[in-house]
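Colleague: Walk me through this one, please. I'll interrupt with questions.

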Amino acid sequence: MTDLLIRGGVVITMDATRRVIDDGAVAIKDGRIVAVGPTAEIVAAHGNATQVIEARGRAVLPGLIDGHAHAGHGLVKTMGNNDGGAWTEACRVIYTLASPPEFWRAEAKLAAFERLRFGVTTGVSLLGGGDSIGRVDHPIFTDVHCEAVREVGIRSILVLGPTRPPFPRPYVGPDGTEKPVSFEQQFETIVAGIETWHGKEGIHVATLMPVYREAKHDAEKVAEIERQGTRIRDLGRKHGALFHQDGHRQGSIELADRMFGLLGADAWLSHCTDLTDADIDTLVRTGTSVVHNPSAIAAVRGYCPAPKMIEAGVTVMIGSDATAPDRSGDMFRHMFQCIRYHQRHFRDETMMPPGKALEMVTIDAAKGLGMAHEIGSLEVGKLADVITVDLSAPHMAPANMPVARVVYFANGHDVMDVVIGGKVMMRDRATPHLDATEIATAAWREADAMLDRAKLRHMIVEDPGWGKARR
């Protein structure tokens, strides 16, 4: 007997032929898709399903994938009134000196809940604010993050990696005392995270190395980075873990391959702005994927040549870089931002059609993360990660051209149902296994306590910029 039948919707399969079935259905058994096709055909074969979702008036899609975001950011939203330097320094203080385990637990649950409600069934999260201020001083921070994500029920790729030299780096640990933390201690924490969580209950762990981009090379520092990079890469390969780097730009990709040999088909890189031809050639040659973050500050300060990379054969996905300082985990928002970003750059409205944007948060993202055999499209045999999107709301009607409607007009609040691995995690916007008030209250409590610990309460005094064209 079929476990779940989703029927009567516009099924946007994202399969190899990109089928769109106007009146379609998806049948699910034992956590996997067993049939996709016209409703009449699928109901005839699977009409005795234990559970049925009526999707008439809705689009049926594979679950969305967020290729790059940051754990911790959910509790530091808006701080600093768009002063990027002040906000980054605040993150350093918070993440290393003023964030006990309960901060990371509350943030992880809040961010995962946001993703679930926005139809993001798989998301990448760096444990901290990038490659300089990761929370890798003690395994408990990894543990509480993963436990919270598991409670919400989405898939997660948690990225763990050492901070930049020099070492040791000061942290206030779970016991409340400040201690210097060496590379070796960070490495042991990463090992513990992989051994405890990689491949467990929908959670995977990826490794990370900081991006090296110095114009002048210090031989001793380069040798240290090379030793550390080799150990991190060997660790990831031993456990079948992916590899990530955050913040590539302007020649650093070619350098990462030539000097350190870090790239490969198991690697994906974020931001990737103002790239050189040698950078793009390196991506093509090594099979390395890219996550484009069109809503991030890095995309304002530089240009990510996603169309050029795509045309060269590089797999490019979209990441939210969320959930702070000024962006959410709503991948519909980031799809549209991606489209307009490149249209504005080229002064050409034909750039980045909606189908490509949708590929970048589904099947392309799955490919870039090495998961296309399991997720990213609605195909027989794949894991049953499925969402429905309301096509009947005023801003979505009339519901013709469903791919364009979903990409141009939908937002995360139009997601009605979320199925992950065959389990219904949200039904008609309801999530009975989660208490939204409890999640929000815990997040508020931990953010408020953090402001006092970090002595950063002045960072939330709001200056909206009334009457100004620039700050």
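Modeller: Terms before anything else: a helix here is a DSSP run of H or I with at least four residues, a strand is a run of E with at least two, and both are numbered from the N terminus. The model is predicted.

Colleague: Backbone oddities, then. Where does Pro325 lie?

Modeller: Pro325 is in the loop between strand 16 and helix 11. The peptide bond joining Ala324 and Pro325 is cis, with omega about 0 degrees.

Colleague: And which bond joins Ala322 and Thr323?

Modeller: A cis peptide bond, with omega about 5 degrees. Thr323 also lies in the loop that runs between strand 16 (316-318) and helix 11 (331-346).

Colleague: What phi does Met14 have?

Modeller: A positive one, about 60 degrees, although Met14 is not a glycine. Met14 sits in the loop between strand 1 (4-12) and strand 2 (20-29).

Colleague: On to helix packing. At what angle do helix 3 and helix 4 pack?

Modeller: About 30 degrees, and their axes are 8 Å apart. Angles under 35 degrees count as roughly parallel, so helix 3 and helix 4 are roughly parallel to each other.

Colleague: Which residues make the contact?

Modeller: From helix 3, Pro101, Trp104, Arg105, Ala108, Lys109, Ala112, Phe113 and Leu116. From helix 4, Ile140, Phe141, Val144, His145, Glu147, Ala148, Val149, Glu151 and Val152. By class, the contact of helix 3 with helix 4 has 12 nonpolar residues, 1 polar and 4 charged.

Colleague: Left-handed or right-handed crossing?

Modeller: Helix 3 passes helix 4 in a right-handed crossing.

Colleague: How far apart are the axes of helix 4 and helix 5?

Modeller: 9 Å, with an angle of about 30 degrees between helix 4 (residues 139-152) and helix 5 (residues 183-197). Helix 4 and helix 5 are therefore roughly parallel to each other. The crossing of helix 4 past helix 5 is right-handed.

Colleague: Which residues meet there?

Modeller: Helix 4 brings Pro139, Thr142, Asp143, Cys146, Glu147 and Arg150, and helix 5 brings Thr189, Ala192, Gly193, Thr196 and Trp197. The residues of this contact of helix 4 with helix 5 comprise 4 nonpolar, 4 polar and 3 charged.

Colleague: Changing topic: how many cavities of 30 Å³ or more are there?

Modeller: The count comes to 2 cavities of 30 Å³ or more. The largest cavity has a volume of about 150 Å³.

Colleague: Which residues lie nearest the centre of the largest cavity?

Modeller: Ala69, Ala111, Ala112, Arg115 and Ser125, out of 19 lining residues. Strand 7 (70-71), helix 3 (101-117) and helix 4 are the elements that give two or more residues to the lining of the largest cavity.

Colleague: Which element gives the most?

Modeller: Helix 3, with 6 residues of the lining of the largest cavity. Ala112 of helix 3, one of the residues nearest the cavity centre, is also in the contact with helix 4.

Colleague: What about the classes in that lining?

Modeller: The lining of the largest cavity has 8 nonpolar, 7 polar and 4 charged residues.

Colleague: And pockets? What volume does the largest pocket have?

Modeller: About 940 Å³. The largest pocket is lined by 36 residues, and those nearest its centre are Thr88, His271, Ile297, Ala298 and Arg301.

Colleague: Where does the largest share of that lining come from?

Modeller: Helix 2 supplies the largest share of the lining of the largest pocket, 6 residues. Helix 2 (84-97) and helix 9 (298-301) each provide at least two residues of that lining.

Colleague: How many of the residues lining the largest pocket are charged?

Modeller: 12 are charged, alongside 15 polar and 9 nonpolar residues in the lining of the largest pocket.

How values were computed:
Residues are numbered from 1 along each chain as its sequence is written. This is a predicted model: local features need pLDDT of at least 70, side-chain atom pairs count only at pLDDT 80 or more; totals for chains, interfaces and linings use all residues. Side-chain values use heavy atoms; hydrogens and water are left out. Axes are lines fitted to C-alpha atoms, for helices over the stretch in contact, and angles run from 0 to 180 degrees between N-to-C directions. Angles under 35 degrees count as roughly parallel, over 145 as roughly antiparallel, 65 to 115 as roughly perpendicular and the rest as oblique. A crossing is left-handed if the near helix is turned anticlockwise from the far one by less than a right angle, and right-handed if clockwise. Contact means heavy atoms within 4.5 Å. Ala, Val, Leu, Ile, Met, Phe, Trp, Tyr, Cys and Pro count as nonpolar, Asp, Glu, Lys and Arg as charged, and the others, Gly among them, as polar. On a 1 Å grid over the protein atoms alone, a cavity is a set of points where a 1.4 Å probe fits but cannot get out, and a pocket is an open set with protein on both sides within 12 Å along at least five of seven lines; lining residues have an atom within 4 Å of a point. Grid points are joined across faces, edges and corners, and a volume is the space filled by probe spheres set on the points.
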